[in-house]
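Got the viewer open? Here's a short tour, one selection at a time.

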Amino acid sequence: MTGLPLAHHHPSPEALRAAPLLVASDLDRTLIYSAPALGLAMPDAEAPRLLCVETYEHKPLSFMTETAAGLLAELAGGTTFVPTTTRTREQYRRIHLPGPAPEFAICANGGQLLVRGEPDRDWQRTVAERLASRCAPLEEIRTHLVRTADPAWLLKARTAEDLFAYLVVDRPLLPDTWVTDLAGWAGERGWTVSLQGRKIYAVPRPLTKSAAVAEVARRAGASLVLAAGDSLLDADLLLAADRGWRPGHGELADSGWHAPHVTALDERGVAAGEEITRAFLRAAAAPGQVRARTPGAPEAGAAAVGG
């Protein structure tokens, strides 16, 4: 791991609360990891102890290291911590993160804003209006996905929250050109495409995590935003933040994506999740060192929503 020993940089609760910080983090393969994504390359006897934070169909599904869990509980107790995920509300509610329950959570890639666990109706209306006016309807995209996918590698076709669509595929059989062709077709209709593991997402361009985070920052009175994410769907979130981190795995790492204020970590797998929580805590303890948005610059998500 990089950085100082934990005991040397633990911020006090008072220091955390004094910082007008919002911490927005992607979940899957950023903070939490399924067994295949853990990346435990060390000998078994040296592997970290893990905490299960999600079960599905009565089986453990997602994990953090115990160290990361302790750091996250501390962070969530002293800042506005906002889980920011492409998961649906139902999928998000399976996760039990350490620390106090977040006041705000963002699901469906920004399409759903939960306030104390309940969907915010005003935000739902805002999102619906943006999508209706700026991109092709979901049904057109879903129909194209199903029609052009090959049954030889298509495992499931789903829509999420009536907002976006995704396919679950047999990755080794998926032709590289199919995703590229889909991205071109979808782009002409105001949609973006992202390949994450076995899932291919088609998401309306105005549906962004950064737009939802900007709304939460406004409501919470936060003037600084920290963020982390691993996929192309997290790029707008990282660009809009004052400081960000990405792990050494994932779409962003594989494509060489970078930005001046986003730290590209070397750690991969669950070790990256631990380092991200440690980095969040360090930055929260020294908010004066966090790059603030230039006065007059667009708020988080403004450019993405306009696109």
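Before you pick anything, one convention: two strands count as paired here if DSSP finds at least two bridges between them. Also keep in mind that you're looking at a predicted model.

**Stop 1: a small set of strands**

Select β2, β4 and β3. These three strands form an open sheet in the order β2-β4-β3, with antiparallel pairing. Now colour β2 (33-34) and β3 (50-56): they stand at the edges, and each has a single partner strand, so one side of each is left without a neighbour in the sheet.

Next, show β3 together with β4, residues 59-65. The two pair in the antiparallel sense over six bridges. Want a spot to check the register? Click on glutamate 54 and look across: serine 62 in β4 stands opposite.

**Stop 2: the helices across the sheet**

Keep the strands on screen and add helix α3, residues 66-78. Helix α3 lies across β3 and β4, and runs at about 75° to β4. Then bring in helix α11, residues 270-285. Helix α11 lies across β2, β3 and β4, at about 50° to β4. Leave α11 switched on, as you'll need it again at the last stop.

**Stop 3: a tyrosine pair**

Time for side chains. How many aromatic pairs are there, counting rings whose centres lie within 6.5 Å? The count comes to four. One of them is tyrosine 166 with tyrosine 201, a tilted pair at 5.6 Å centre to centre with 35° between the planes. This pair links distant parts of the chain: tyrosine 166 is in strand β10 (residues 164-169) and tyrosine 201 is in strand β12 (residues 199-204), 35 residues apart.

Are these two rings' residues buried or exposed? Tyrosine 166 is buried, at a relative accessible area of 11%, and tyrosine 201 is buried too, at 10%. Add Phe164 to the selection and you have an aromatic cluster, made up of Phe164, Tyr166 and Tyr201.

**Stop 4: back to α11**

Finally, select tryptophan 245 and phenylalanine 280. Why is this pair called edge-to-face? The ring centres of tryptophan 245 and phenylalanine 280 are 5.5 Å apart and the planes sit at 85°, so the pair is edge-to-face; the cut-off for that label is over 60 degrees. Here too, distant parts of the chain are linked: tryptophan 245 is in strand β14 (residues 243-246) and phenylalanine 280 is in helix α11, 35 residues apart.

Switch on a surface to finish. Tryptophan 245 is buried, with a relative accessible area of 3%, and phenylalanine 280 counts as buried at 0% relative accessibility.

Conventions. Residues numbered from 1 in each chain as written. Predicted model: local features only at pLDDT ≥ 70, side-chain atom pairs only at ≥ 80, totals over all residues. Heavy atoms only, no water. Helix = DSSP H or I, 4+ residues; strand = E, 2+ residues; numbered from the N terminus. Contact = heavy atoms within 4.5 Å. Axes fitted to C-alpha atoms, helices over the stretch in contact; angles between N-to-C directions. Phe/Tyr/Trp six-rings, centres within 6.5 Å; stacked < 30°, edge-to-face > 60°. Buried < 20%, exposed > 50% of the residue type's maximum accessible area, 1.4 Å probe, protein only.
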